[in-house]
Amino acid sequence: MTTTTTTNPVICSRCGAECSKQDGWTTGYATLPGGDKVCFDCAAKHEREAMIEDGHAILYLTHDTNGKWQVGNWSGRLTFPVIWWENSEHSCFGGYTQRTDAWFIGPDGAIWHAKNIGDMDAARCRRTRKKVMWGYPRSGGPGAMGSGWYTKYTSTYTGSK
Ligand SMILES: [Zn+2]
């Protein structure tokens, strides 16, 4: 999926909005695998639907404006707060690369696993069958990182895959 800057209005093939007016500072649109041009919001919806359908996705592991880990798509229109993450070193070609594993609640209510290796932001995400997991809460207060309090996250996913 790519973004393109354009001066000619591109009409979103899903919602009919003019893609060049979708964002205050970015003009552009996304191209779906089938070749349809869509606005950023529809692209996010498409990725969300594909996640539910496929059970896997390539997303980006980044920090939000508060410095917390989040998993999201390239445009940032689709984001999921990370509930737990861990770093480890991973041996690779005789050296070591950084590996980050993160877990988040996906659009289907399932607990998803994101794996990021090396310096790249791209993370391979996969739906897990995990039913329950304990993680740090999404915001500060009692249970903030390091306080020893954890939040229980439960998967509501009922699908078979
Ligand atoms: Zn649209």
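Q: What percentage of the 161 residues of the protein count as buried?
A: The model considered here is a predicted one. A residue counts as buried if 20 or more other C-beta atoms lie within 10 Å of its own. Of the 161 residues of the protein, the share that meets this criterion is 27%.

Q: Which strand has the highest mean pLDDT among the elements of the protein?
A: Over the whole protein the mean pLDDT is 83, and 81% of the residues reach 70 or more. Among the elements, the lowest mean, 58, belongs to strand β1 (residues 3-4). The highest mean, 95, belongs to strand β9 (residues 122-127).

Q: Over which residues does pLDDT stay under 50?
A: The stretch concerned has 8 contacts in the model beyond four places in sequence. Its pLDDT stays under 50 throughout, and it comprises residues 138-144.

Q: How many strands are there in the protein?
A: From the N terminus on, the elements run β-β-β-α-β-β-β-β-β-β-β-β. This order contains 1 helix, and the number of strands is 11.

Q: Which residues have the most contacts inside the largest nonpolar core?
A: The largest nonpolar core has 22 residues. The elements that give two or more residues to this core are β4 (56-63), β5 (69-72), β6 (79-92), β7 (95-105), β8 (111-117) and β9. Another core, of 11 residues, lies apart from it and includes Val 38, Cys 39, Ala 43 and Leu 78. Within the largest core, the residues with the most contacts are Val 71, Ala 102, Phe 104 and Ala 114.

Q: Which residues does Ala 114 touch, not counting residues up to four places away in sequence?
A: Ala 114 is one of the residues with the most contacts inside the largest nonpolar core. In soluble globular proteins, nonpolar side chains tend to be buried together. With residues up to four places away in sequence left out, Ala 114 touches Leu 59, Leu 61, Val 71, Ala 102, Phe 104, Ala 123 and Cys 125.

Q: Which residues of β9 point to one face and are buried?
A: The side chains alternate along β9. Ala 122, Arg 124 and Arg 126 point to one of the two faces and are not buried. Those that point to the other face and are buried are Ala 123, Cys 125 and Arg 127.

Q: Which residue stands opposite Arg 124 in β9?
A: β9 pairs in the antiparallel sense with β4 over 5 bridges, and Tyr 60 stands opposite Ala 122 in β9. β8 and β9 also pair in the antiparallel sense, over 4 bridges. The residue opposite Arg 124 is Lys 115.

Q: What is the phi of Gly 109, in the turn between β7 and β8?
A: β7 and β8 run antiparallel and are joined by 7 bridges; in β8, Ile 117 is the bridge partner of Arg 99. The two strands form a hairpin with 5 residues between them. In its turn, Gly 109 has a positive phi of about 85°.

Q: Is Thr 154 buried or exposed?
A: Thr 154 is in strand β11 (residues 151-154). Beyond its neighbours within four places in sequence, Thr 154 is in contact with Lys 131 and Val 132. A residue is exposed if 12 or fewer other C-beta atoms lie within 10 Å of its own. Because Thr 154 has 12 such atoms, Thr 154 is exposed.

Q: What is the C-alpha to C-alpha separation in space of Gly 28 and Phe 40?
A: Gly 28 lies in the loop between β1 and β2 (29-31). With 18 other C-beta atoms within 10 Å, Gly 28 is partly exposed. Gly 28 and Phe 40 are 12 residues apart in sequence, and their separation in space, C-alpha to C-alpha, is 8.0 Å.

Conventions: Residues are numbered from 1 along each chain as its sequence is written. This is a predicted model: local features need pLDDT of at least 70, side-chain atom pairs count only at pLDDT 80 or more; totals for chains, interfaces and linings use all residues. pLDDT is the predictor's confidence in each residue, from 0 to 100. Two residues are in contact if their C-beta atoms, placed from the backbone, lie within 7 Å. A nonpolar core is a set of buried Ala, Val, Leu, Ile, Met, Phe, Trp, Tyr and Cys residues joined through C-beta atoms within 7 Å. Two strands pair if DSSP finds at least two bridges between them.
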